[in-house]
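Me: I have this model open and would like a close look at one part of it, the loops and the helix packing around them. Please start with a loop and work your way through the neighbourhood in one connected account.

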Amino acid sequence: MSASKSFTHNADMISDKRMLCMVNQLGMEGYGIFWALLEMLCKEDEHKLPIDTIPALAARWETSKAKVETVISKYGLFDIEDGAFFFSQELIDDIKAIDDRLQKRKNSAMKAIKTRWEKQKMLAEKSTENNDENGENNTNVIRTYYERNTNVLRTYQYFRKSKR
């Protein structure tokens, strides 16, 4: 089962020889039936539909059963398995490629998160080395670039007086 519920639409599909032949014989209605079938197949777990769903699909799309059967069987756009199911191998390959890219991105993200967590853990362990014997953070240890200790708090009035 694929996680992807989408597929790519080849922008030049209308120029494919099979599509040109189908559009020539069935018009743009055939083109619409083709894309509607792909959308239906994409939603299915194994990207296959039973042949006996054709009448229901034709009724739903307000077209004839013969036109849907023609799109499925005549132009080489779909494969038929044991006379019981139809599917598009091109669609299955496309969805597999999408799923592979998604999995690769997920793995990269998980690796980055793990690296970030390990770095934060290392920094936290390193910062505990700066604690004094009571377990409190000794800010004097990290005072290399500052003139004052971090315990000194300057108030708004202090800054206001110093600017005059």
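Reply: Happy to. Asp-82 sits in the loop that links β2 (79-81) to β3 (85-87). Please keep in mind throughout that the model is predicted. The backbone of Asp-82 has a positive phi of about 55°, although the residue is not a glycine. Asp-82 has a relative accessible area of 75%, which is over the 50% cut-off, so the residue counts as exposed.

A second loop makes a nice companion to this one. His-47 belongs to the loop between α2 (28-43) and β1 (48-50). Phi is positive here too, near 60°, in a residue other than glycine. The surroundings of His-47 are another matter: its relative accessible area is 6%, under the 20% cut-off, and His-47 is therefore buried. Its side chain also has a polar partner, since a polar atom there lies 3.1 Å from the backbone oxygen of Leu-41. That pair falls within the 3.5 Å limit, so it qualifies on distance as a polar contact.

From His-47 it is natural to step back into α2 itself and look at its helix partners. Take helix α1 (residues 17-26) to begin with: its axis and that of α2 come within 6 Å and cross at roughly 125°. An angle of that kind lies between the ranges for roughly perpendicular and roughly antiparallel, and α1 and α2 are therefore oblique to each other. On the α1 side, the contact is made by Met-19, Met-22, Val-23 and Leu-26. These meet Met-28, Glu-29, Gly-30, Tyr-31, Phe-34 and Trp-35 in α2. Sorted by class, the residues of this contact are eight nonpolar, one polar and one charged.

Helix α4 (residues 65-73) is another partner of α2, and here the two axes come within 10 Å and cross at roughly 70°. That angle falls in the range from 65 to 115 degrees, so α2 and α4 are roughly perpendicular to each other. Their crossing is right-handed. In this contact α2 contributes Glu-29, Gly-30, Ile-33, Phe-34 and Leu-37, while α4 contributes Lys-67, Val-68, Val-71 and Ile-72. The residues split into six nonpolar, one polar and two charged. Glu-29, Gly-30 and Phe-34 are worth selecting in your viewer, as they appear in the contact with α1 and also in the contact with α4.

The path can now be followed back towards the strands through Ile-54, a residue of helix α3 (residues 54-60). With a relative accessible area of 3%, Ile-54 is buried. Leaving aside residues up to four places away in sequence, Ile-54 touches Lys-65, Val-68, Glu-69, Ile-72 and Phe-86. Val-68 and Ile-72 are residues we just met in the contact of α4 with α2, and Phe-86 lies within β3 (85-87), the strand that ends the loop of Asp-82. Ile-54 and Leu-37 are 17 residues apart in sequence, and their C-alpha atoms are 9.8 Å apart in space.

To set this in the whole chain: there are six helices and three strands, and from the N terminus the order is α-α-β-α-α-β-β-α-α. Of the 164 residues, 24% count as buried, with His-47 and Ile-54 among them. Finally, among contacts between residues at least 6 apart in sequence, 59% join residues at least 24 apart.

Methods: Residues numbered from 1 in each chain as written. Predicted model: local features only at pLDDT ≥ 70, side-chain atom pairs only at ≥ 80, totals over all residues. Heavy atoms only, no water. Helix = DSSP H or I, 4+ residues; strand = E, 2+ residues; numbered from the N terminus. Buried < 20%, exposed > 50% of the residue type's maximum accessible area, 1.4 Å probe, protein only. Polar contact = N/O pair within 3.5 Å; in protein donor to acceptor, adjacent residues only side chain to side chain. Axes fitted to C-alpha atoms, helices over the stretch in contact; angles between N-to-C directions. Parallel < 35°, antiparallel > 145°, perpendicular 65-115°, else oblique. Left-handed = near helix turned anticlockwise from the far one by under 90°. Contact = heavy atoms within 4.5 Å. Nonpolar A, V, L, I, M, F, W, Y, C, P; charged D, E, K, R; others polar.
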